[in-house]
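Please examine the sequence and the model shown here before reading on. The explanation afterwards is meant to be followed with the structure in view.

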Amino acid sequence: MEKVTESRREALERTVLRPLVHTSTGYRLLVGFLVLVVLWGAYAYSTQLQQGLIVTGMRDRILWGFYITLFVFFIGISHAGTLISAILRVVKAQWRTPVTRMAEFITVVALSVGGLMPMIDLGRPDRIPNLFLFGRWQSPILWDLFSITTYLTGSIIYLYLPLIPDLALCRDRLGTEAAAWKRAFYRAASLGWQGTVRQKKYLNIALKCMMVLIIPVAVSVHTVVSWIFAMTLREPWNSTVFGAYFVAGAIFSGIAAIIIVMAILRRAFHLEAHISNRHFINLGYMMGAFSLIMLYFNASEYLVPGYKMAGDAPVHFLQLFFREYAPFFWFYIIGGMVIPGLIILVPQTRTFAGVLVASGLVLIGMWLERFIIVVAGLRVPLMPYEPSSYTPSWVEWSVMAGAIAMFSLVIAIFAKLVPVIAIWEVAEQYEEHEAKETALTPEAPEQVAWPQWGRAAGPASEQGATSGGTT
Amino acid sequence: MSMRGAKWLWRALIPLSLLLATATPVLADAIPLTLQMQAPSQVRLGETATITAVLRDSKGAPVPRATIVLWSQSSFLSTGGAVEQGKEVTDAMGKVAFAYEARTEGTVTLNAYYAGDSRFAPAQSSAALMVQGSEQLYQESPGVQVPGVRWLLVGLLSGVWLIYLTVMVLLGLIAREGSQASGGAGGSHG
């Protein structure tokens, strides 16, 4: 049985490490296309820098548009990763192992790209230091700055920690197959990982700290993002459940993002042996559960003010339910929540393809939800004037396309730099699974938690020393 | 004339046009009136000035029970126009008094206006008021002040970053252990 585990691990390493040293023409074409879109977005942004925000569709009444919609959308997606990965780790969900790495990386990239959006929205990026120089504790904008910075830092650490053993594996296994700069990167970033007892102990402590800490930090981020709206004097934003509503929406869209990214990477890197349809369906279950939670929040969000119809609520409800934003709103409710929920609920549609379609619908629906919150919310007049309108300009469309392309590009580059699956975690899972299958009593988790490869392999490493091992 | 000047002139002409338009039907046999305004020449920003106006007919007799409107030109963001500052009815002496709170620094032109009726013709008068000072008039104050909440937030944030720092230290220990192990391995190979 030991041989079976060994061969499965070998196959896993071979499959997952292969994309790091082999690049296909299709990949080059994809990267080239994404670079072009990013450049186009950069050109549009340079136009905005030169001519000011007048080149956008934003005006004094509807002063936020695509940029802030994208900001909230990306911050939402960022919950995919760290939060879901941390929750799955904390509850020790066995099927999580091939998912966590991609999820954690989505977090870091989405946060980085999303964080750019308010800066682009500022119009005058030279005023960003004013946030630090003249920021006020009373402002949710400042809270947002602190929470996003804290979350981004935490997410980078949380991404990096479980990467260390895999980076050491890359260092030891790829050899001259990898480019010189990559070898230097693996050498430096693996921190001299040998898999000694002490190193494992330190890494375990660090991982446990981070997996627990990152959950409240992630929740705080989207709560604070929601407060930027809820604490502003606008009729449609007067809500006490916005924090929980935003967090639930973030996890919902985050799961959808993981499913789509995972499907693309599985196909591109031939990871079918390690990421099965079961993984997608399990994530689909989570997404289905969150579609119900989101439906509940929406009912609560619209039923209570709709019953009272106080202030300008009738204006908002009319534009959402019957007029300007009705197509978006009903697509979000039906296409973005009801249909995905039904796809997961019905056994015949609860397949890989079904989950993928549901995820696409959820992502579109959740983008529309953010658009409705931002733009329709601002459209309700604050003073007695006629409701305004917002039509995004080519600059905003281009910047949005550039941002989405940048998100995809960084993920594509990352996938060629480090293993997209946490090899050591999957290997550990295989070992545990096979140990159970042979009815052997598994060793204590701390003892089997680490695959033994690289220079640390062998009994000597258990005593804190190194050995020639498999080098 | 600059665009801004032309805009203000245009805005000033609107109430004047209204005045003339409404006055036309009563001009033929209406008794002409004079409206005299009195205002302090200068006032500090935020202080309340008393503006008085007396309405008399052509013989100098006071006109009681006439409604006088005090207005000025104001602007907010991209909108602007004549803003009513107060409305009072003249007493037996034909006098009204307004309490005007100076909220804008600089020279403010205040206008008192009587619309006229079937007996009396409309009348208007203006007075310039110099408002001095630059203090912040509006001070935000929280509805509820929770003592120490700021430090609680700082404490929470610091706690999170302290844990990050601890994790960094652990990474340092991993690296140190790695270099020691490598050294040991090198030694053994050697």
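The paragraphs below treat a helix pair, a strand and its partner, and the cysteines in turn. The model is a predicted one.

In chain A, helix H3 (residues 66–90) and helix H4 (residues 97–122) offer a starting point. Two packed helices are described by the angle between their axes and the distance between the axes. Here the axes come within 7 Å and cross at roughly 155°. An angle over 145 degrees counts as roughly antiparallel, and H3(A) and H4(A) are therefore roughly antiparallel to each other. The crossing of H3(A) and H4(A) is left-handed. Sorted by class, the residues in the contact of H3(A) with H4(A) are 16 nonpolar, 7 polar and 3 charged.

Chain B provides the strand, E1 (residues 33–38). In a regular strand the side chains alternate between the two faces of the sheet. Strand E1(B) shows such an alternation: Leu33(B), Leu35(B) and Met37(B) point to one face and are buried. Thr34(B), Gln36(B) and Gln38(B) point to the other face and are not buried. The partner of E1(B) is strand E3 (residues 48–57) of chain B, and the two pair in the antiparallel sense over 6 bridges. Within this pairing, Leu33(B) stands opposite Asp57(B) in E3(B).

The cysteines remain to be considered. A disulfide requires a pair of cysteine sulfur atoms within 2.5 Å, and by this rule the count over all chains is 0. Two cysteines of chain A may be described by their surroundings. Cys170(A) has a relative accessible area of 1% and is therefore buried, whereas Cys209(A), at 30%, is partly exposed.

Note on methods: Residues numbered from 1 in each chain as written. Chains lettered and ligands numbered in written order. Predicted model: local features only at pLDDT ≥ 70, side-chain atom pairs only at ≥ 80, totals over all residues. Heavy atoms only, no water. Buried < 20%, exposed > 50% of the residue type's maximum accessible area, 1.4 Å probe, protein only. Helix = DSSP H or I, 4+ residues; strand = E, 2+ residues; numbered from the N terminus. Pairing = 2+ DSSP bridges. Axes fitted to C-alpha atoms, helices over the stretch in contact; angles between N-to-C directions. Parallel < 35°, antiparallel > 145°, perpendicular 65-115°, else oblique. Left-handed = near helix turned anticlockwise from the far one by under 90°. Nonpolar A, V, L, I, M, F, W, Y, C, P; charged D, E, K, R; others polar.
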